[in-house]
Amino acid sequence: MADTQSTITGNRGLQLEEPLIFEQDSPGRVGVDFPDTDLSDNRLGGLERQGPVGLPNLSEPQTVRHYTRISQKNYGIDSGFYPLGSCTMKHNPRVNEKLARLPGFASLHPMQPTSTTQGALELMDTCAHWLKVICNMPAIAMSPAAGAQGELCGMMAIKAALEDRGEGAQRTRVLVPESAHGTNPATAAACGYSVDSIPANDRGRVDLDAFLSKLDEDVAGIMLTNPNTCGLFENDIIKIADAVHDAGAFFYCDGANLNAIMGRIRPGDLGIDCMHINLHKTFSTPHGGGGPGAGPVVLSEPLAAFAPLPFVVHGENGFDLVEHKSGAGKKSYGRIKGFHGQMGMFIRALGYMMSHGSDGLRQASSDAVLNANYLLAELKDTLSPSFDGPCMHECLFDDHFLKDTDVSTLDFAKAMIDEGFHPMTMYFPLVVHGALLMEPTESESRETLDQYIHAVKGLTARAKSGDAKYFHDAPQLTPRRRLDETGAARNPILRWAPGGDEEKS
Amino acid sequence: MSTKYTKEHEWIVVDGDIATVGITNYAQEQLGDVVFVEVPDAGKQLSQGDEAAVVESVKAASEIYAPITGEVTAGNPALEDAPATINSDAESAGWIFKMTISDASELDDMMDAADYKTHVAGLE
Amino acid sequence: MRYLPLTDNDRATMLSAIGAGKIEDLYTDVPAAALLAGPVDLPAHQGELEVERAISAMAAKNLNTSDAPSFLGAGAYRHHVPATVDAMIQRGEFLTAYTPYQPEVSQGTLQYLFEFQTQVALITGMEVANASMYDGATATAEAVLMAGRVTKRKKAILSGGLHPHYRDATTTIAGYQGITMTAAKPDFQCNEDITSLIDADTACVVVQNPDFFGHVRDLAPLAEKCHAAGALLVAVVTEVISLGALMAPGDMGADIVACEGQSIGNALNYGGPTVGLLAVRNKHLRQMPGRICGQSTDVDGKRGFVLTLSTREQHIRREKATSNICTNSGLCALAFTVHMTLLGETGFSRLARLNHARAVTLANKLAGIQAIEIINDTFFNEFTVRLSKPAAGVVEALAAKGILGGVPVSRLYPGEKELENLLLVAATETTTDADMDALVAALGEEL
């Protein structure tokens, strides 16, 4: 079907082929107008660049058209339903983009005297306040650049606290449920800990007995996601927290799924010691095709003193920044990023939180949970739910419903693309076979969910009717169809090179 | 010359005091298209169970453990440019490394071809 | 609430379809004591107008670099960003997409990442680059960790010309992962010799060019010494526009290049978000952290792009990953790519030369003030001056006059008597003669 209607140009109506910028180079063109400066009086110490860089020359209209055209090969939340489980793809309000671009923030230099940035520090402090209240936690580290760095930040605080207590050498093991996201074990390892996996019970939660049997004097902490990666609330969480604390260890909570509980359940009331917050998930800062994110970390009292630099304090003359290991920063384990954190993301997140308010945040998380349970209820007889009972903000199915169809989870997801939806998360979490994890978020209307349910049911019927080929050939209607990932990994071509022959790595 | 198999789906061909190690055909089928193999350098000392090599497919990476204790005498240089050899010829040209045998008794508990066949049949 | 499409009617219908009486019935797994009866103690929802008013009021309390003569640098630089850049990155297809895991519906993101990687490799003079890092400081930390993996050694030497934030972030992040750092003392006169610190345990030497104090360094001799000892040279660039005028670090023998890319396409944003660049030699590719985009073909034989070499990453390797990093700095990388496309060969070179020329003009003007000594013989668009009194106080006094007069070195190196009077000043294409004259006049009054 793909190429039966071939055209002369290769374009297909609104699907426009677009070469790389390097293939559109024409010396003499330029997209900016700067004078050519004479450098006869220079201070470059004889280290001037010799020869061209090799960048292509394009004019402004070509550049605009190029990036507009390639943008049209992307699917975003603005385009349609994006039920990507564990990623919280919710609406990104544009007012937050507008606010982040106010010159009073965007044109602010990080090294200006703090006397000239009181409004920026006030904004950081206000954003921090909202996050602390939502989580009911006494302290927060704002500087982590993303969720993964937030994890690192939190685990470093735990390590620093244990070392301060003289137990650094003794506590070398971190417990991580087998359903955890890959960053959890990667982070624990990055902090020098060995990772010990905790099995799940048949309800998809941490097996409490197995967990207790692994808890010993050499355990530094547990890294637990709640709601967990199966979209389920860890109902034993308070018991887990108590046991962790009784054993002298710390409780790291992965806050990736805060969207299920914000405004309704405060993580601080569950006994956690620290938790990163993905502002790009729960608080709607745009994912941007893979960042920038922001991962502030709320901290309990025993960890607060070890928070990374810098942080905002209320000083004698208004707000101030603690940038060094002295005074209030004496016990800090140091700096993890340049400057002060993802300011542009704090603005957007605060805009989101203020717009919703305490009532709206509660309503948003409730709607997210309601939407997920609606999908679960409407699809539970069509697909195969992995666990019984209600879910939180995302619902998990395994591939049992595709048994004997010769259609895999991947094939099914690719067919969803032709129906105009972004696929659900596939093959994660690893604890169920051929996982399909759907997270609708509060941004979706009932009409959208109904259309999606209709499509899933229709495709399931098609798979069961024996039409596996349709799925193996999907997607058919996208700018590119399935790509050869094996070839890409065997012979990596990671940059364009002159002469039309791309450089082989 | 005899061939032994481990539960980790490695094969070991013993030729005098040198063992050649690779992964079984069953293992390569489970992994799918192999895209990269990290082989150990000659001279590396390994104890039984140490991580010796890594075989990567697009979506998975599997550690290959030293089946016995000894010193690496060679990694298979052909795998650098042609990792797919593991898929096409896992139990011969797709060998991963050769090593010395410090303690031949470590080979005693391993399976022979018939036992391994039964073992794999039990997994399916 | 304007962001929530469900009506009360929808909610009732859906609860009934689920078989639940009320929303609380979906929270039965939550321990009762933890379930809040009402909203948390924060203000109620507000309209867009009210939110805009409140947050704009905070913005208005700041003195921003667009409204004042500004000479601030130290790793963040004010440049003119063409309007096209922001128009492109605000397209919803770019702004609201996730990491491109589904290549069939992500060719836009993947194609610009491929272009980005190529641009970064070209300007750094390296063979291959990843799809970006959080920022320059974390890119440096990751470079050091990577050098540790490549050399299987555990020691890093940090030049005294390295930005102190980069030094600190690297010391924290790589330190927790078992790398021992030796940081040389602040090298404001650019006369350190760190080659004597290199030994058989040295994984890498980290050196910045132009350095924190603005000096331009020839990295080639140091690269030779590193390589002779089996160590890698990590070159750091905090002002990426300098690469349009200066010899690329790759051409001077660097093995890994870590840059802050903010200057191209990105606003200052009070320091974040920005974009880190990481470029390496092909032979070390498998040890490079972060996302990488590669070229491939689809089932119809058409060229397309995919994320590749992902077995290095956390979602597959878990505790054995090269790094725990998930995201790159996608949208900032797009801003970089669009701006770099507009610049092209001609524009990039001209912009760099213009920056240098502005800084030379500034140096010439400041040289006329008796109470100021210019430290640098060489520089790109930033240099260090010694004032007749502590720089921090002078900068405060200038700020009171509405001039952002540079970065006192003491803010980053507190308590170092020798550095107390040093001031870092930068000029870019945005710095006018009038700005410079205002600075000269104000300094004349303060010194």
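In which sense do strand E2 (residues 155–158) of chain C and E3(C) pair, and over how many bridges? In this predicted model they pair in the parallel sense over four bridges, where strands count as paired if DSSP finds at least two bridges between them, and where helices (H or I, at least four residues) and strands (E, at least two) are DSSP runs numbered from the N terminus. One such partnership joins C:Ile157 to C:Thr182 in E3(C).

These two strands belong to an open sheet of seven strands in chain C, with the order E1-E7-E6-E5-E4-E2-E3 and mixed pairing. At its edges lie strand E1 (128–129) and strand E3 (180–183) of chain C, each of which pairs on one side only. Helix H7 (residues 164–176) of chain C packs on the sheet, touching E2, E3, strand E5 (232–237) and strand E6 (256–260) of chain C, and contact here means heavy atoms within 4.5 Å. The direction of H7 makes about 160° with that of E3(C), the axes being lines fitted to C-alpha atoms, for helices over the stretch in contact, with angles from 0 to 180 degrees between N-to-C directions.

Turning to the cysteines, the structure holds zero disulfides over all chains, a disulfide being a pair of cysteine sulfur atoms within 2.5 Å. A:Cys127 is unbonded because its sulfur is 11 Å from the closest cysteine sulfur, in A:Cys135, which is too far for a bond.

Residues are numbered from 1 along each chain as its sequence is written, and chains are lettered from A and ligands numbered from 1 in the order in which they are written. Because the model is predicted, local features need pLDDT of at least 70 and side-chain atom pairs count only at pLDDT 80 or more, while totals for chains, interfaces and linings use all residues, and side-chain values use heavy atoms, with hydrogens and water left out.
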